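I sat down with this one to see what I could read straight off the coordinates. Notes follow in the order I looked things up.

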Amino acid sequence: MGFGIVDIGVYLPEQIQQPEEVLAALELGKGELQFLRKYHRLEGVPVTESGQMLDDTIAQAVERLQTKPALSGIDLVLYVHSFQVQTPSDYRLVQRVLQRFGLEHVPFYGISQMNCASSIAALQWLERISQTQPHIRNVLLICADQFNFLPPEWRYLRKSAILGDSAVAVLLSRESCQHVVQAAHVLRDTRFHTGYHATADEISAFNRLYVDHIIQGMEELLSTQGLSFEDVDHIFPHNVNWTTWKEFSRRTGVGLERIYLDNIQRIGHTFSTDPFINLSSGLEQDWVCRKGRSIMVSIGLGSFFGFALVEHGGCEEE
């Protein structure tokens, strides 16, 4: 594919909402809370203050980029979000953000049709458009969602996860040979297109196939490169819950030590940003092999299973 990840700016609100606060209005009983705490190992999710607008949230992620001077060379901006309605129709969200950083002249596209898998879909779309527009060399990928204008109980996905707020800004460049996105793949199962509005029976059916689809999608991605699970050093997952990855590990033989799970307990699921936040944390902690290979995972209701293959340390030593 050829685009390397140059830098990742991560913004997470300081305020953490406890599972008890979210479940209180739903009157679901202690069993539901125990399920989240004990089996999914969730401590809380980051939540923006009620008056904070989404452009402020996005701007804080961009400000956290260590390579801000490189913004002057951006050829394209991709804005990814999972939740469909985020601001009033005339708010001009992306234009407000770009103007703050002198990027108002740069073309931009919004990608949201695959819910939380939209971040991987954006990488897949970038691969395609770059083939027909070779002048695109440097890209700013923004992923952001927040629920602070909605009732807290809307954050809860039954027996699965609580949704937290976040934003990431990712600089990608054709000139970078570090952390190169080699391929991206999205597996779709439209039988579960109702997503957030699914019935209890539909949710149960989806949950039964959930890990199956993760395994299938990864195998399909790897097969395009002639690889298998044995060739993967790390997995940067979506953070819906810890139980998913325990079952994935049991069924594939991929050890839990190869899956970055630290953030699931600390921040839970933050829409489409999970794999980028996890990759950023893994890089900061030197958890990533210098010449390793990783898979980033992001899964959206509807249902969409997104996977991206990343090669680390591809530069030739001088």
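**Entry 1: helix α5**

I began with helix α5, and I kept in mind that this is a predicted model. In α5, I found S118, S119, I120, A121, A122, L123, Q124, L126, I129 and S130 buried. For reference, an α-helix makes a turn every 3.6 residues, so positions three or four apart point the same way.

I then checked the length of α5, which covers residues 118-132. Its 15 residues should span 21 Å at 1.5 Å a residue, and the end C-alpha atoms are 21 Å apart, so the two agree.

**Entry 2: just before α5**

Next I stepped back to S112, in the loop between β5 (108-111) and α5. Is S112 buried or exposed? I get 10% relative accessibility, so S112 counts as buried, the cut-off being under 20%. Leaving out residues up to four places away in sequence, S112 touches H81, S82, Q84 and S118. S118 is also on my list of buried residues in α5.

**Entry 3: the whole chain**

I zoomed out and counted nine helices and 13 strands in the chain. How does the radius of gyration compare with the globule rule? It is 19 Å, close to the 20 Å the rule gives for 318 residues, so the chain is as compact as a globular protein of that length. The C-alpha trace spans about 60 × 50 × 35 Å along its principal axes.

I noted that 55% of the 318 residues count as buried. Of the contacts with a separation of 6 or more, 79% are between residues 24 or more positions apart. The accessible surface is about 14200 Å², and carbon and sulfur atoms hold 49% of that. I also looked at charge: there are 26 positive and 38 negative charges, and their mean positions are 4 Å apart.

**Entry 4: backbone oddities**

I went looking for unusual backbone next. As background, most residues other than glycine have a negative phi, and most peptide bonds are trans.

The peptide bond from G302 to S303 is cis, with omega near 0°. I placed S303 in the loop between β12 (293-300) and β13 (304-311).

Two residues that are not glycine turned up with positive phi: F271 at about 60° and D286 at about 55°. F271 is in the loop between α8 (262-267) and α9 (274-284), while D286 is in the loop between α9 and β12. Which of the terms, buried or exposed, fits F271? F271 has a relative accessible area of 4%, so I wrote it down as buried. D286 comes out at 67% relative accessibility, so it counts as exposed, the cut-off there being over 50%.

**Entry 5: P275**

Since I was around α9 anyway, I clicked on P275, which lies in that helix. P275 has 0% relative accessibility and so counts as buried. What does P275 touch, beyond residues up to four places away in sequence? I listed F236, P237, M296, V297 and S298. I also took a distance to V80: 13 Å from C-alpha to C-alpha, with the two positions 195 residues apart in sequence.

**Entry 6: L93**

L93 sits in helix α4 (residues 93-100). Its relative accessible area is 8%, so L93 is buried. Apart from neighbours within four places in sequence, L93 is in contact with L54, D55, I58, Y79, Q86 and T87. I tried one long distance from here: the C-alpha atoms of L93 and I259 are separated by 35 Å, and the two are 166 residues apart along the chain.

**Entry 7: α3 and the loop ahead of it**

D56 is in helix α3 (residues 54-63). Its relative accessible area is 29%, so I put D56 down as partly exposed. D56 and D145 are 12 Å apart, C-alpha to C-alpha, and 89 residues apart in sequence.

Last, I looked at V47, in the loop between β3 (45-46) and α3. V47 is buried, with a relative accessible area of 7%. Not counting residues up to four places away in sequence, V47 touches P13, Q15, Q17, R155 and D165. From V47 to L26 I get 19 Å, C-alpha to C-alpha, for a sequence separation of 21 residues.

Technical notes. Residues numbered from 1 in each chain as written. Predicted model: local features only at pLDDT ≥ 70, side-chain atom pairs only at ≥ 80, totals over all residues. Heavy atoms only, no water. Helix = DSSP H or I, 4+ residues; strand = E, 2+ residues; numbered from the N terminus. Rg over C-alpha atoms; globule rule 2.2 N^0.38 Å. Buried < 20%, exposed > 50% of the residue type's maximum accessible area, 1.4 Å probe, protein only. Contact = heavy atoms within 4.5 Å. Areas by Shrake-Rupley, 256 points an atom, 1.4 Å probe, with all protein chains shown as cover. Lys, Arg positive; Asp, Glu negative; His and termini not counted. Charge placed at Lys NZ, Arg CZ, Asp CG, Glu CD. Expected span 1.5 Å × (residues − 1).
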